[in-house]
Amino acid sequence: MTSPNTIPPMGQREKLLDMVNIDKVFNGNVVALKEMNLTVNQGDFISLLGPSGCGKSTALRLISGLMRPTSGQISWEGGQNSGDLGVVFQEPTLMPWATVEQNVWLPFRLRGKSLSDVQDEIMWALNMVGLEKFQRSYPRELSGGMKMRVSIARALVTEPRLILMDEPFAALDEITRHKLNNDLLDLRDKLKCTVIFVTHSVFESVFLSDRIVVMAARPGRVSSEVTVDAPYPRTEDFRTSAAYADLCRKASEALHGAMNQHGARASA
Amino acid sequence: MSVTDMTTPLVVDEEELRHARAKNRERIAKWVLPVVVIAFAIFMWDRVVVWNDIPHYILPGPGLVITTLIADWGMLSSALVVTLKITLAALSVAVIGGVGLAILFTQSRYFEMSFYPFAVILQVTPVVSIAPLIFIYVENRLAGLLLCAWIVAFFPILSNTTLGLNSTDHNLRDLYKIYGATRWQRLRYLQLPTALPYFLGGLRIAGGLSLIGAVVAEYVAGTGGIGSGLAFRILEAGYRLNIPRMFAALLLIAATGVVIFTAASLLSHALLHKWHESAIKRES
């Protein structure tokens, strides 16, 4: 895959993926997701923000192909190929018996490539997350933040068209989380990759993304979308800026709006 | 007082010293205590025999047992080889059968539903009660012994390995699915490594059980002559009131059990010490 040199501004990006009228129903009556429409463009950093039960993880599972929608369509521009997706879960999800490089090798290994064939790719990915010196370490020898970096390297190594992240930093301490937030934006700037990031942190979603899709619960659905028009690169200065506070307020209001829709419905 | 003084002696922390001393003591005691206790028990055994003038056909002293072991070494060692062969063969077949069945179970739910009850029935029925039937139907005595020992030994391997194969991290399973892994890849790269610690736990139990199975089967089979193992030698010595030889044979069986257990533990450590929690020493 060849990356463009810069990510074009929103509105000029090429379409990557289309979700049209997606419904997902469990057990015949639990509506996890209702009429979800989402267009993902190349270079988007989208956060799915919402309370638990709003279907954000379900949406990720549908995009990743682990689940099929009850109705509606998900279509990839140019069709979907294996290696189009990289996934990062809430836990690092590493194989404890395998070294760091063997863990990062996994996506290639499952496609029948030997470790020596893809050594360069693996080292490149480890370099990207700053772990090139730890290729022979076992996961248990690493800190929580480093394990998460390995997990990110594994998601990057095939240079996927889309990276899905399901609350990847939720279990980390705040300082580590901020560091990883910064590094993730650096990565995105270097790789021009497209990311869908599930979170329930307003601050994290504002800091990272250029589009925040706010979701509401019962039934899970898209409530509104907030555009974060602050320019990249975003640094620690952005975190303390007035613009950031402003955007956080906007996103918080949208989130409360989504929760109140539910509240109004529940009390009605 | 200068800050850059390099000759400042290391700060001695009383509590840390105490911890270090306690740890050191514990390390020594771990080896010394069992040896001392066993030596004392053997010594008391000897004294009890001497003080009470117990005749050797009732309770031989430890010295006599050792002398008998050496004197009868020709007969006892060949019996040991027979028992050892049956034990190890049963253990090998238990490993192959247990792991093989476990893999089949996890590949097909329907297969598991169909055959798991059989495995349980085989396990819960005491081998002593099946053994006589086995020796009626199985002509070859060695095959009969092997079958008995296998029935006892294979279940812990089967149940532990099945549990291990089903204990894969669900996120990793999802990841394999997203990357389009085949069933074979998932088994080889994900399920088998996950099951390894469980399997090794089963192996440790099965090692002891296969020895028990072999000994019990020999008791039931009973007939002597060529190819008789330690259990038969114990029976035979009992009929002849050769109590020292009974003790010598018993000693060999116990030693065999210890060796098998130790070997399984060492194997477990060798395979797991790099990554598994159970094998990692923590500094407390």
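Chain B is built from 10 helices and 0 strands. Reading along its sequence gives the pattern α-α-α-α-α-α-α-α-α-α. Please keep in mind as you look around that this is a predicted model.

**How far to trust it**

How confident is the predictor in chain B? The mean pLDDT of chain B is 89, and 93% of its residues reach 70 or more. For the complex, the predictor reports an ipTM of 0.90 together with a pTM of 0.86.

**The overall form of chain B**

What radius of gyration does chain B have, beside that of a compact globule of 284 residues? Chain B comes out at 26 Å, whereas such a globule would be near 19 Å. If you turn the C-alpha trace of chain B onto its principal axes, it spans about 85 × 65 × 30 Å.

Two further values describe the packing. Among the 284 residues of chain B, 33% count as buried. Of the contacts in chain B with a separation of 6 or more, 77% are between residues 24 or more positions apart.

Chain B is also divided into two parts, domain 1 (6–53) and domain 2 (62–279). Where do their centres sit relative to each other? The C-alpha centres of domain 1 of chain B and domain 2 of chain B are 35 Å apart.

Here are the figures for chain B in one place:

| Property of chain B | Value |
|---|---|
| Radius of gyration | 26 Å |
| Span of the C-alpha trace along the principal axes | about 85 × 65 × 30 Å |
| Distance between the C-alpha centres of domain 1 and domain 2 | 35 Å |

**Where chain B meets chain A**

How many residues of chain B are in contact with chain A? There are 17 of them, and they touch 17 residues of chain A. On the side of chain B that touches chain A, the elements giving two or more residues are α7 (170–178) and α8 (183–221) of chain B. The largest share comes from α7(B), with 7 residues. Sorted by class, this side of chain B has 10 nonpolar, 3 polar and 4 charged residues.

**A look at chain A**

On the partner side, an unreviewed UniProt entry lists residues 17–242 of chain A as "domain: ABC transporter". What is the secondary structure over that stretch? Residues 17–242 of chain A are 32% helix and 27% strand, and the C-alpha atoms at the two ends are 34 Å apart. Chain B, by comparison, has 0 strands.

**To sum up**

Chain B has 10 helices and a division into domain 1 and domain 2. Its side facing chain A draws its largest share of residues from α7(B).

Conventions:
Residues numbered from 1 in each chain as written. Chains lettered and ligands numbered in written order. Predicted model: local features only at pLDDT ≥ 70, side-chain atom pairs only at ≥ 80, totals over all residues. UniProt positions renumbered as here; feature names shortened; annotations may be inferred. Helix = DSSP H or I, 4+ residues; strand = E, 2+ residues; numbered from the N terminus. Rg over C-alpha atoms; globule rule 2.2 N^0.38 Å. Buried ≥ 20, exposed ≤ 12 C-beta atoms within 10 Å, placed from the backbone. Contact = placed C-beta atoms within 7 Å. pLDDT = per-residue confidence, 0-100. Nonpolar A, V, L, I, M, F, W, Y, C, P; charged D, E, K, R; others polar. Domains from an automatic or database assignment.
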